[in-house]
Structures are given as structure tokens and as C-alpha cells.
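Student: Got a minute to go through this model with me? I'd like to start with its surface.

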Amino acid sequence: MIHRADILSGVLLLASLVFLAGCSKEWPTHCQEADLKECRVAVVLPLSDGQEDSWKQCLGFCTTYLTQAFCKTGLGVKLVFEWYDEQSDNLPDIAAELASRGDVKAVIGGLHSDNAIVLAQALSVKDKPFFTLATTDQLVRGYSSWGNLWAMTETDITQCEVMLSKVIQYGAKQVALLVSGESAYG
């Protein structure tokens, strides 16, 4: 199972790669606010139990690095996030609304596989870029061919293969995978 710290590490790694891609010897110290093109991104993640602060901090780093990385190129981008709680909001309606809105350029979210599938169903038909942290292979198999799905983690099958290789390496005699029968995950 993926932990929140692993997900945050992955998102921070992505932000760092973007940051490094924009590096040059003449690093700009700042961009003029007027030079930045606003890019609205919807974020649909669990926001309860203090998670909202963690997500906002992580995506705040991403915004800072993207702005700095592209400032010198004349492609200055200012990410503006809209936040939605995937656990408490009416997700099918939110997904349909986000898919049809022209001002929303991308969607990040679906930490839980079942919710990511709901988002993918609406976003794929509208070619809306969708960055997900969900791991179910059903999501990747069902929606990657549309060309707008960016899976930010390995699928559950790949994770199981890694775990099983460790089982073989260390000579374990038994292994078990516990999943909910009501979820697409597993």
C-alpha cells in the first residue's frame, strides 16, 4: 500500500525535475506578476485530517519551481489551484463540471482508485489532462490509451511484483495481500 509520504515524495520529485529542467547559469530572481500566464488546475484529493495542508504545501513548492523554471523563457506560468475534497463532495458532478470547463487546464487527483476512475471517465472524453496518484491497473488499462492520463505512481500489479521479488530474495515462506473487496484497488 502506498503511504502519503511516498506520494508526497513522488510529487516533490516531479517538481524537482521541472525545477532542474529550467535551471541556467543566469537564474532569474523573480518574474513580474504581469508576465505570468495564469493556468487553473483543479485538485481533487482527500482534504480532511490535516491532509489539505500537506497537499497545499507540496503543490506550493511545485508552483514556485515551475514559475522560476519558465520565467526566463518568456513562458511564465502561475498555477492557480481550485480545491475539491474527493471524500465528501459529489464526485461525478464535480468530474463532469471540471471536464467541461475551458478555464481548467488540468486535474490532479484521485488518491483513491475508485475516485480516480470516476474522474477519468469524465475527463478522458474531453481530453482534459489528468494527473493521478491512484495505483489500480484498471485505471491505467482503461484510460491510458486516451492520451490524457498521467499516472504518477506504479500500478498495484507492479508493486506486487516488486514485493514478490523481495519475498523470493529473502526466502519468505508465505505472503498475503489484503484488499477491500468493494474497491477497484488490488
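Student: How much area does the protein expose?
Tutor: About 11,000 Å², with carbon and sulfur atoms supplying 56% of it; that's the Shrake-Rupley method with a 1.4 Å probe. Keep in mind this is a predicted model, where local features need pLDDT of at least 70, side-chain atom pairs count only at pLDDT 80 or more, and totals for chains, interfaces and linings use all residues. Residues are numbered from 1 along each chain as its sequence is written, and side-chain values use heavy atoms, leaving out hydrogens and water.

Student: And what share of the residues is buried?
Tutor: Of the 186 residues, 40% are buried, meaning under 20% relative accessible area (exposed is over 50%, partly exposed in between; 1.4 Å probe, protein chains only).

Student: OK, switching to Asp103. Where is it found?
Tutor: Asp103 is in the loop between α3 and β3 (104-109); helices (H or I, at least four residues) and strands (E, at least two) are DSSP runs, numbered from the N terminus.

Student: Why does Asp103 count as partly exposed?
Tutor: Because its relative accessibility is 39%.

Student: Which residues is Asp103 in contact with, leaving aside neighbours within four places in sequence?
Tutor: Arg40 and Glu82, where contact means heavy atoms within 4.5 Å. Glu38 is 65 residues from Asp103 in sequence, and their C-alpha atoms are 9.7 Å apart.

Student: What about α3 and α4, which residues meet there?
Tutor: On the α3 side, Leu91, Pro92, Ala95, Ala96, Leu98 and Ala99; on the α4 side, Asn115, Val118, Leu119, Ala122 and Leu123.
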